[in-house]
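Let us walk through a protein structure by asking short questions and reasoning out each answer.

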Amino acid sequence: MLRAILERMGRDPDDFDRVRDRPGHDRRYAIDSAKLRRELGWEPRHTDFAEGLDRTIAWYRDHEAWWRPAKEATEAKYAAQGQ
């Protein structure tokens, strides 16, 4: 997933630092939409993964004012802790 995001952003797909997994880290997420489909009649609007990823990246690029302050606050918190 990370490599696909980096490639779509014009970056080298290996441009990241590997870190040890934290204890209890989920290695896999299994998502089953059967109950949503059965009980609510829900159907996904987007089914093409690559297109959905491109649209998600575009949204974040277009809405930096929404996420940038939270990112900066998180980075400041880690810096204050010496991390």
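Q: Which helix gives the most residues to the lining of the largest pocket?
A: This is a predicted model. The lining of the largest pocket includes Ile5, Leu6, Leu53 and Tyr60. The elements that give two or more residues to this lining are helix 1 and helix 3. The top contributor, with 5 residues, is helix 3.

Q: How much space lies in the largest pocket?
A: Among the residues lining the pocket are Met9, Arg11, Thr56, Ile57, Arg61 and Trp67. The space in this largest pocket comes to about 260 Å³.

Q: Is leucine 53 buried or exposed?
A: Leucine 53 sits in helix 3. Leu53 is also one of the residues lining the largest pocket. A residue needs under 20% relative accessible area to count as buried. Leucine 53 has 9%, so the label is buried.

Q: How far apart are the C-alpha atoms of leucine 53 and alanine 4?
A: Start with the chain: leucine 53 and alanine 4 are 49 residues apart along it. Now look at space instead. The separation of their C-alpha atoms is 8.6 Å.

Q: How far apart in space are arginine 37 and tyrosine 60?
A: Arginine 37 is in helix 2. In sequence, arginine 37 and tyrosine 60 are 23 residues apart. In space, C-alpha to C-alpha, the distance is 28 Å.

Q: Which residue forms a salt bridge with arginine 8?
A: A salt bridge needs a side-chain nitrogen of Lys or Arg within 4 Å of a carboxyl oxygen of Asp or Glu. Here the closest N and O atoms are 2.6 Å apart. The partner of arginine 8 is aspartate 54.

Q: How many residues apart in sequence are the parts that arginine 8 and aspartate 54 tie together?
A: Arginine 8 lies in helix 1, which covers residues 2–8. Aspartate 54 lies in helix 3, so the pair ties together parts of the chain that are separated in sequence. That separation is 46 residues.

Q: What relative accessibility does aspartate 54 have?
A: Both partners of this bridge count as partly exposed. Arginine 8 has 32% relative accessibility. For aspartate 54 the value is 38%.

Q: Which residue meets arginine 11 in a salt bridge?
A: Arginine 11 is partly exposed, at 45% relative accessible area. Its side chain meets an aspartate, with 2.6 Å from N to O. That aspartate is partly exposed too, at 38%. The residue is aspartate 15.

Q: How far apart are the closest N and O atoms of arginine 38 and glutamate 39?
A: Arginine 38 counts as exposed, at 59% relative accessibility. Glutamate 39 counts as exposed as well, at 53%. The two form a salt bridge, and the cut-off for that is 4 Å. Their closest N and O atoms are apart by 3.9 Å.

Q: How many salt bridges does the count come to?
A: Arginine 8 with aspartate 54 is one of them. Arginine 38 with glutamate 39 is another salt bridge. The full count comes to 7.

Q: What kind of aromatic pair do tryptophan 59 and tryptophan 66 form?
A: The structure holds 3 aromatic pairs. In this one, the ring centres are 5.3 Å apart and the planes meet at 75°. Planes over 60 degrees apart fall in one class. The pair is edge-to-face.

Q: Which residues do ring pairs link into a cluster?
A: Tryptophan 59 pairs with tryptophan 66. The rings of tyrosine 60 and tryptophan 66 have centres 6.3 Å apart and planes at 65°, so this pair is edge-to-face. The linked residues are Trp59, Tyr60 and Trp66.

Q: Is tryptophan 66 buried or exposed?
A: Two other cluster members come out as partly exposed: tryptophan 59 at 35% and tyrosine 60 at 37%. The mark for exposed is over 50%. Tryptophan 66 has 57%, so the label is exposed.

Q: Which residues form a nonpolar patch on the surface?
A: Tryptophan 42 lies in the loop between helix 2 and helix 3. This tryptophan is partly exposed, at 37%. The patch has about 320 Å² of accessible area together. The members are Leu36, Leu40 and Trp42.

Terms used:
Residues are numbered from 1 along each chain as its sequence is written. This is a predicted model: local features need pLDDT of at least 70, side-chain atom pairs count only at pLDDT 80 or more; totals for chains, interfaces and linings use all residues. Side-chain values use heavy atoms; hydrogens and water are left out. Patches are made of residues with over 30% relative accessible area and no salt bridge: like charges are joined within 9 Å, nonpolar side chains (Val, Leu, Ile, Met, Phe, Trp, Tyr) within 5 Å. Accessible areas come from the Shrake-Rupley method with a 1.4 Å probe; for residues, only the protein chains shown count as cover. Helices (H or I, at least four residues) and strands (E, at least two) are DSSP runs, numbered from the N terminus. Buried means under 20% relative accessible area, exposed over 50%, partly exposed in between (1.4 Å probe, protein chains only). Rings of Phe, Tyr and Trp (its six-membered ring) pair if their centres lie within 6.5 Å; planes under 30 degrees apart count as stacked, over 60 as edge-to-face and the rest as tilted. On a 1 Å grid over the protein atoms alone, a cavity is a set of points where a 1.4 Å probe fits but cannot get out, and a pocket is an open set with protein on both sides within 12 Å along at least five of seven lines; lining residues have an atom within 4 Å of a point. Grid points are joined across faces, edges and corners, and a volume is the space filled by probe spheres set on the points.
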